[in-house]
Amino acid sequence: MQEFGERENVVAEILDRIRERLSSHEHSTPTQSHVQRLCIDSLLDVLKALDPLVSQAGRSHEVLRQLVQKFEAFDEALPVGKALGDAAFLSREGLGLEPRQLQCIFSATTNLVVVTNAEGMVTHLNPAAEQFFAGCDWQNVFFWDLLELPGERLTEVLAAYAPEAHHEIYLSQAEQWFNLRLVPFLPHADKLDGFILILNDITWLVDNRQHLERLVAERTRALTNSEKMLRLIFQSVGNGILLLSDEYRIVKANQRAGQIHACCSDELIGKDLRDLTDNHGRWTLMSCVGDLSGESRISAELQVRRFDGTMLPASFTVSRVVMDGRNFWSVIVRDISRQKALQERLRLEKQQVEEMNVTLRNVMKSVDSERKDFESKLGRRIRSHLLPALDRIAKEPSESIRASYLDLVREQLIGLTSGTASEIDANLLKLSKTEMRICQFIQAGCSTKDICEAMNLAFETVQTHRKNIRRKLGLRGKNVNLHSYLIGRRPLVSDHGGE
């Protein structure tokens with residue numbers, strides 16, 4: 001800092017000497033050249049701007065750099081050689097860089113550097129830019145035409161590409177992207193001498209960025225499609241889905257949940273789920289949420305209070321979800337009203353089946369009792385009708401009568417096996433031999449007179465037999481014709497010869 005302060009003092013002394021010489025030249029004769037006049041005016045401007053800045057240590061290097069540039073530019077135009085040489089030498093020591101070193105830096109950079117005048121016309125290129133624009137006629141060309149920038153005037157270009165800012169441009173001739181920084185060159189505070197354009201090749205950065213943008217676009221499309229699919233599944237699933245916050249407030253609900261609660265799904269947002277059930281369901285829900293840990297899930301059956309005031313049985317499955325450090329609860333609601341109705345119906349049908357079983361057992365007992373009565377009646381019928389008939393057949397000498405008895409016994413046996421045997425059929429077996437023959441004649445349509453002649457019996461005897469037949473057949477006192485009754489039976493006349 002001490003050495004830098006001494007250099008500032010020397011600069012101040014040199015500036016004083018330059019002022020004296022410039023003052024003398026300023027009042028020189030009008031024959032001095034116009035160039036000298038301009039140089040004197042420029043140096044005076046530099047001195048005016050340099051006085052308030054030379055004492056600021058933080059900006060001394062910049063002041064010295066500008067001073068050296070001015071002195072080197074006007075070194076041959078002014079007869080102030082010794083003073084200018086001293087100032088230039090001192091400024092080079094202050095900057096620590098020689099012009100050759102600055103020229104090496106200007107030449108060695110791989111960035112493209114384009115220097116223009118105040119109107120924007122290209123005046124200089126660094127070696128990298130000369131090599132890049134080797135195929136172009138860059139001299140006396142406006143920089144926006146050289147760099148393919150939109151615009152026809154400098155004001156339009158500066159409006160689109162603000163100085164000191166960074167801009168991305170594309171040079172189609174090389175198919176490369178560059179970062180453009182347009183730096184105004186202001187050696188005087190109020191005068192623009194030109195622009196320095198610095199172009200940095202960022203093709204690989206742009207390619208990577210475009211690649212990343214494509215990846216982001218693809219991932220965004222995939223995420224969008226996933227969200228659409230998830231939203232479709234969320235809205236079309238057959239069960240209701242609710243997402244609860246820490247305060248049991250519903251933050252998300254699908255359409256099915258709205259149908260279960262008899263409302264629109266948006267009307268459920270912000271509702272306290274505990275208010276949408278009865279007291280028992282309220283405590284059951286709080287117990288399920290309190291018992292959850294990790295990725296476990298708990299199911300329970302609750303009564304849902306719908307928006308129309310009705311109650312609906314539902315099954316709740318609660319699980320915990322952690323998002324952004326907050327706890328949420330996913331509740332799957334399933335309408336089990338049909339299941340409950342089926343269970344109730346099954347219970348009633350089971351009760352009916354049990355009642356039918358009791359009735360069937362009673363019926364079986366009754367059938368068993370009837371079966372026993374039938375067996376008892378059958379035994380009595382066999383003993384009272386069939387067995388005596390068999391005895392009578394064994395004692396009957398007439399073959400035709402035996403055949404008739406056998407037919408009657410056969411009918412009785414068939415009737416007993418089929419359950420259609422009649423008591424009257426069995427009564428035919430009670431008839432005597434003479435009564436059986438008279439029945440055969442009556443069945444054949446013979447009159448009493450014909451029977452008397454055929455059997456050689458008296459009329460009164462035949463009439464008496466007819467009365468006995470009606471009594472044994474159970475027809476006495478009934479308005480039933482004996483011929484009509486016998487004609488409905490199978491023929492009593494056997495194929496065997498008569499007596």
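Contact, the term behind what covers a residue, means heavy atoms within 4.5 Å, while helices (H or I, at least four residues) and strands (E, at least two) are DSSP runs numbered from the N terminus. The model is predicted, so that local features need pLDDT of at least 70 and side-chain atom pairs count only at pLDDT 80 or more, whereas totals for chains, interfaces and linings use all residues. Residues are numbered from 1 along each chain as its sequence is written, and side-chain values use heavy atoms, with hydrogens and water left out.

**Exercise 1. Helix H18**

Task: compare the span of helix H18 with its expected value, then work out which residues are buried and what covers them.

Step 1. The expected span is 1.5 Å times one less than the number of residues. For the 14 residues of H18 (residues 459-472) this rule gives 20 Å, and because the end C-alpha atoms are 20 Å apart, the two values agree.

Step 2. Buried means under 20% relative accessible area, exposed over 50%, and partly exposed in between (1.4 Å probe, protein chains only). In H18, the residues Val 462, His 465 and Ile 469 are buried. Seen down the axis of H18, the buried residues fall within an arc of 60° (taken from the directions from the helix axis to the C-beta atoms), so they line one face of the helix.

Step 3. The face of H18 turned away from the buried side carries Glu 460 and Lys 467, which are exposed. The cover over the buried residues of H18 includes helix H16 (433-443), helix H17 (448-455) and helix H19 (482-487).

Step 4. After H18 comes Gly 474, which has a positive phi near 75°.

**Exercise 2. Strands around S4 and S10**

Task: trace the pairing of strand S4 with S3 and with S5, and that of S10 with S6 and with S9.

Step 1. Two strands pair if DSSP finds at least two bridges between them. Strand S3 (residues 166-171) runs antiparallel to strand S4 (residues 176-185), with six bridges between them, and Ile 169 has Phe 178 of S4 as its bridge partner. Four residues lie between the strands of this hairpin, where Glu 175 takes a positive phi near 55°.

Step 2. S4 is also joined by eight bridges to strand S5 (residues 194-201), again in the antiparallel sense, and here Phe 178 stands opposite Asp 201 in S5.

Step 3. Strand S10 (residues 326-335) pairs antiparallel with strand S6 (residues 240-244) over five bridges, with Leu 242 facing its bridge partner Val 331 in S10. S10 pairs in the antiparallel sense with strand S9 (residues 311-323) over 10 bridges, and Val 322 stands opposite Asn 327 in S10. S9 and S10 form a hairpin with two residues between them, in whose turn Asp 324 has a positive phi of about 55°.

**Exercise 3. Salt bridges**

Task: find how many salt bridges the whole structure holds, and place the pairs Glu 301 with Lys 340 and Glu 349 with Arg 345.

Step 1. A salt bridge is a side-chain nitrogen of Lys or Arg within 4 Å of a carboxyl oxygen of Asp or Glu, and the search of the whole structure finds 13 of them.

Step 2. Glu 301 and Lys 340 form a salt bridge whose closest N and O atoms are 3.1 Å apart. This pair links distant parts of the chain, since Glu 301 lies in strand S8 (residues 297-305) and Lys 340 in helix H13 (residues 337-395), 39 residues apart. Glu 301 counts as partly exposed because its relative accessibility is 47%, and Lys 340 counts as partly exposed at 32%.

Step 3. In the salt bridge of Glu 349 with Arg 345, the closest N and O atoms are 3.2 Å apart. Both residues lie in helix H13, four residues apart, about one turn of the helix. Glu 349, at 36% relative accessibility, counts as partly exposed, whereas Arg 345 is exposed, with a relative accessible area of 53%.

Step 4. Asp 368, Arg 371, Lys 372 and Glu 375 are linked in a network of salt bridges.
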